[in-house]
Amino acid sequence: MAQENKWAGDCYRRGNDAMQKQNWDLALEMFSTCVKLVPDNLVYRQYLRQCAKKKYGDNGKGAGTFEKTKLMGIRSRVKKARQAENWEEASKAIEEGLYLNPWDTQLNLDLADVSKKLDRGEIAKFAYMEAIRTDQKNKEIYVALANLLRERAEYDDAVKVWEQVAKLDPSDLTAMRKITEIQTEKTTHRGGYEDAENTRSVMANKNLAAKGGGVGGNSIAPGESVETDLKHAIRKEPGRLEPYLKLAAHYKATKRYQDSYDSLQKAFEVSKNDPSVGEQLEDAELLLMKHGLEEAKEKANKSSDPEDRKRAAELSTGLRDRKIEVLTKRVERYPANLAVKFELAELLMQLQKWGLAIPLLQKSAQDPRHKARSYVSLGKCFVYDKKLQLARGQFERAVPDLNVDTDPDTYKECHYLLGRVCEEMKDPPSAEKHYGEVLVIDYEYKDTRERLERLQGGEG
């Protein structure tokens, strides 16, 4: 390897000289050789890409049409090498393609993926950033880069990329959740608590051996217990926020939901009512209530005592009402987040608050992920509000986006309700059509078969 580095160093110097003279062909040849000799050196790739762009006059397109016909064969080689898991060969072929067009988004993405396989994180990061420069609206590239940065413990940069994802898609709840996770992970990583968790059992065994085994010793050395270490950190610096957040995350991971909530309550006080910590506290409260409801339901199912069923029903109502309070505040705080609007509308419909749910659903229908379900829910609101013509319009708008494979329940519900509305509006042919759509999927769905038979004269 020392010899390769020496040769690469010589080529690097010749490439630099060629760059000064704007002899791009020679510079490209030299830096290409550098990359082949030392493929994990980021600087060589950066210079190679810079020279390639200069060779083509920064035109954003690369070589001419005739030269670029070679790309089809190169892509085929890349595909075959990846299928064979021959990552080095794939990497070499990708570089040949980027030689012809350094702005090729897909080749840069291929390079990022292959570099990860080869444990060349710096190269992968560089390739993702090159891809983003040519496709700045592609959310998936940002997500891939953010995940890579997190894996590399580059937490601040990862947060910045997720913030960019949030700007590209304000309705993406994942971005906000990931930012919170990374910030917590950052403090955990800084304190070495993850390592403590991973090595706890090993260290404990060593200490027991030193003490001659047995279970009589009560002292716990640093690194043996995440909880103990974090509590010690809190006692040492009670005004620091991070240990409270880390302790809450630890309790949540170990399903100690009450302890997680209590820790976040203290964190909220320490943060002087920071809104982001307040949201974590709300999420912890909802999770605690959900866990309590699940336990109550399980008890009610095993018991014949009506009081147990009553208790489960009360907890269910309490959880729903609290979720409505939390989501109402978040709709005000994040007006562009359509997913929150949809979730709040669904809860308001349970309370038959059609007037409040309708405007939220009209907004959430702008989100492609919730479009069909939003229209179906709008239709239901108008049905219950005795506005059948409006209900029919919403159901019909939902139909083109319904997918029986990915969401069969919504598909059946929409066609069934549309059939009911058409039947009520004295349009038997349309009602028959929609009932038929349901029966093709589920012959026993509600009373669809009986209604269709009645329309077709089965009961005179």
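# Salt bridges, cores and aromatic pairs

Q: Why is the meeting of the R150 and E181 side chains called a salt bridge?
A: A salt bridge is defined as a side-chain nitrogen of Lys or Arg within 4 Å of a carboxyl oxygen of Asp or Glu. The side chains of R150 and E181 meet with 3.2 Å from N to O, so the pair satisfies the limit. This is a predicted model, in which local features need pLDDT of at least 70 and side-chain atom pairs count only at pLDDT 80 or more, whereas totals for chains, interfaces and linings use all residues. Residues are numbered from 1 along each chain as its sequence is written, and side-chain values use heavy atoms, with hydrogens and water left out.

Q: What makes R150 and E181 a tie between separate parts of the chain?
A: R150 belongs to helix α9 and E181 to helix α11, so the pair ties together parts 31 residues apart in sequence. Helices here are DSSP runs (H or I, at least four residues; strands would be E, at least two), numbered from the N terminus.

Q: Why does E181 count as partly exposed?
A: Buried means under 20% relative accessible area, exposed means over 50%, and partly exposed is in between (1.4 Å probe, protein chains only). E181 has 29% relative accessibility, so the residue falls in the partly exposed class.

Q: How do you know that R333 forms a salt bridge with E279, and which class of exposure does each residue belong to?
A: The closest N and O atoms of R333 and E279 are 2.4 Å apart, which means that the pair meets the salt-bridge rule. R333, with a relative accessible area of 36%, is partly exposed, whereas E279, at 9%, is buried.

Q: How many salt bridges are there by this rule, and which residues are linked in a network of them?
A: The count comes to 48 salt bridges, and E122, K125, R152 and E154 are linked in one such network.

Q: What makes a set of residues a nonpolar core, and which members of the largest one touch the most other members?
A: A nonpolar core is a set of buried Ala, Val, Leu, Ile, Met, Phe, Trp, Tyr and Cys residues joined through side-chain atoms within 4.5 Å. The largest such core has 42 residues, of which I94, Y128 and W162 touch the most other members. Elements giving two or more residues to this core include α6 (87-100), α8 (121-134) and α10 (155-168). A second, separate core of 39 residues includes L327, M349, W354 and A357.

Q: Why is the pair of Y12 and Y44 called tilted?
A: Rings of Phe, Tyr and Trp (its six-membered ring) pair if their centres lie within 6.5 Å; planes under 30 degrees apart count as stacked, over 60 as edge-to-face and the rest as tilted. Among the seven aromatic pairs of the structure, Y12 and Y44 have ring centres 5.8 Å apart and planes at 50 degrees, so the pair is tilted. Y12 lies in helix α1 (residues 2-20) and Y44 in helix α3 (residues 42-55), 32 residues apart. Y12, at 24% relative accessibility, is partly exposed, whereas Y44, at 9%, is buried.

Q: What makes the pair of Y416 and Y445 edge-to-face?
A: The ring centres of Y416 and Y445 are 5.7 Å apart, and their planes stand at 75 degrees, so the pair belongs to the edge-to-face class. Y416 is in helix α22 (residues 408-424) and Y445 in the loop between α23 (428-441) and α24 (448-455), so parts 29 residues apart in sequence are tied together. Both Y416 and Y445 are buried.
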